Structure formats: C-alpha cells, structure tokens
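Work through the exercises below with the sequence and the structure at hand. Each task is followed by a solution in steps.

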Amino acid sequence: MSNKTINTLVVAALIFAICSLTIAYAVFERILNISTETVIQSNQTTWKVEFINQDSGSQTGNADKGSISLNSTDISIRDVVLRTAGDKVEYNFYVNNSGQLDAILTTITPKVPVFSGSNVIDEQNIESGFNYSLSYADGTEVKIGDILDSKKQNQLKITMFLDDDTVLPVSGDVNITNLGYTLVYTQK
C-alpha cells in the first residue's frame, strides 16, 4: 500500500471518528426551556373588607336610639339620648370580607370619650356609669388576632348604656362625644 492510500485511510478514519463522537454527544444532549407568565391582581379584586347591613337599632328604657349611617368604611351613630339609669341602645352591623384573601384584625383603637356638661360632678357621675362597647352579636369580645375568612362576614354590635345605679345629672345635660373604634384588618 502506498503512503497516499494510507493517508487517505487515516483521514477517513479520523473523519469517521469525529462524526461518531458528534452523533454520540447529540444523543445525550437535552435542551430544557422554562417559560412563565404571571398576573398580579389588583387589590380591588382580591382585598375588600368593609362594613355592610346595619340594622335600625333598638332601645331599652326611656332611651332614644338616634340614627345610624354606614358606608363601606365608616359608621356614624347620632342623636342617642339616655334619660334614666338602665337605659340602653344597641346597633348591629356586619364587617364583610368579599375579597379573595383572608383577613386578620391587627389593631383595635377605641377613641377616648369626652364628657361635657355644666357641672363637673355630673360629668364624673355619668362617666362612671356610662358603658360603650363593641362586641360580636353573641356578646363575645372583638379582639386583635380575630380572623375574617375570605367570603365571610361577622356580625358586630355597638352597645351603649347607663348602669342601673348611675346618678343622673342635676344641673343640665351631659354630652358624650368622641365615641368610636378604629379597626384595622390586614392580610392573614
């Protein structure tokens, strides 16, 4: 055999070896692709905790229940009059979670009532006998950490009353202002 033939066979063997290695490598190669798309929904569709459905209120004794107005974030009770010891007024309403996320009550801030009248002793007597509370309709305490699941609602009740042994004002009316609570719900 001539050198030329041997060189041709060596070159052919090298070409065959390179092609074989390339084919063998391609057999063990895999391409993996990851493609994603994400939508972040607006809070308008996923988070909606609000007040709804107030009742017309009830009174006990000689009380005037006044009136209640409610929008999604504020409740206003006006013109309540307690005339005698034992008088009581109650209002029921709901806190509703129509959103897609569970909520947890993280803050309850009661306002500090202000008693004003023409006589300091009358103010003190009414302050010691006046009660104002926020509870669930069954009477249990509303507290930090309470859960309001998505698509659920809790019935709440505001109660104001004078103890049975309250000493009533002798020299004029005592007005009570700045009553209320601020509730903060956050995502659970």
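Two residues are in contact when heavy atoms of the two lie within 4.5 Å. The model is a predicted one.

**Exercise 1. Surroundings of Asn 97**

Task: State where Asn 97 is found, whether it is buried or exposed, and which residues it touches.

Solution.
Step 1. Asn 97 belongs to strand β5.
Step 2. The relative accessible area of Asn 97 is 0%. Buried means under 20%, so Asn 97 is buried.
Step 3. With residues up to four places away in sequence left out, Asn 97 touches Lys 48, Val 49, Asp 102, Ala 103, Leu 148, Asp 149, Ser 150, Lys 151 and Lys 152.
Step 4. Val 49 from this list is also the bridge partner of Asn 97 in the pairing of strands.
Step 5. For polar contacts, look at the side chain of Asn 97: it reaches the backbone oxygen of Leu 101 at 2.9 Å. A polar atom of the Asn 97 side chain also lies 3.5 Å from the backbone oxygen of Asp 149.

**Exercise 2. Surroundings of Asp 102**

Task: Locate Asp 102, classify its exposure, and find which backbone nitrogen lies 2.7 Å from its side chain.

Solution.
Step 1. Asp 102 sits in the loop between β5 (88-97) and β6 (103-110).
Step 2. The relative accessibility of Asp 102 is 30%, so this residue counts as partly exposed.
Step 3. Beyond its neighbours within four places in sequence, Asp 102 is in contact with Trp 47, Asn 97, Leu 148, Asp 149, Ser 150, Thr 186, Gln 187 and Lys 188.
Step 4. Asp 149, one of these contacts, is 47 residues from Asp 102 along the chain, yet their C-alpha atoms are separated by 4.4 Å.
Step 5. The backbone nitrogen in the task is that of Ser 150, at 2.7 Å from a polar atom of the Asp 102 side chain.

**Exercise 3. Partners of β5**

Task: Find which strands pair with β5, and over how many bridges.

Solution.
Step 1. Strands of a sheet pair through backbone hydrogen bonds, either parallel or antiparallel.
Step 2. Strand β1 (residues 49-52) pairs with β5 in the antiparallel sense, over four bridges.
Step 3. β2 is also an antiparallel partner of β5, with three bridges. Here Ser 58 stands opposite Glu 90.
Step 4. β10 runs antiparallel to β5, and 10 bridges join the two. In this pairing Glu 90 has Thr 159 as its bridge partner.
Step 5. As for burial, eight of the 10 residues of β5 are buried, and the strand is mostly covered.

**Exercise 4. Salt bridges**

Task: State how many salt bridges a search of the whole structure finds, and describe the pair of Asp 64 and Arg 83 and the network that includes Glu 90.

Solution.
Step 1. Side chains of opposite charge can pair when their charged atoms come close.
Step 2. The search finds four salt bridges.
Step 3. One of them joins the side chains of Asp 64 and Arg 83, with an N to O distance of 2.8 Å. The pair links distant parts of the chain, 19 residues apart: Asp 64 is in the loop between β2 (58-60) and β3 (67-70), and Arg 83 in the loop between β4 (75-78) and β5.
Step 4. Asp 64 is partly exposed at 33% relative accessible area, and Arg 83 is partly exposed at 43%.
Step 5. Glu 90 forms a salt bridge with Lys 157, with the closest N and O atoms 3.8 Å apart. This pair spans 67 residues, from Glu 90 in strand β5 to Lys 157 in strand β10 (residues 152-162).
Step 6. Lys 88 and Glu 90 also form a salt bridge, with a closest N and O separation of 3.8 Å. Lys 88, Glu 90 and Lys 157 are thus members of a network of salt bridges.
Step 7. Within the network, Lys 88 is partly exposed at 28%, whereas Glu 90 is buried at 17% and Lys 157 is buried at 14%.

**Exercise 5. The three-stranded sheet**

Task: Give the strand order of the open sheet that contains β6, and explain why β9 and β12 count as edges.

Solution.
Step 1. The order is β9-β6-β12, with antiparallel pairing.
Step 2. β9 (147-148) and β12 (181-187) each have a single partner strand, so one side of each has no neighbour in the sheet, and they stand at the edges.
Step 3. β6 and β9 run antiparallel and are joined by two bridges. Ala 103 stands opposite Leu 148 in β9.

Notes:
Residues are numbered from 1 along each chain as its sequence is written. This is a predicted model: local features need pLDDT of at least 70, side-chain atom pairs count only at pLDDT 80 or more; totals for chains, interfaces and linings use all residues. Side-chain values use heavy atoms; hydrogens and water are left out. Buried means under 20% relative accessible area, exposed over 50%, partly exposed in between (1.4 Å probe, protein chains only). A polar contact is a pair of N or O atoms within 3.5 Å; within protein, one must be able to donate a hydrogen and the other to accept it, and residues adjacent in sequence count only if both atoms are side-chain atoms. Two strands pair if DSSP finds at least two bridges between them.
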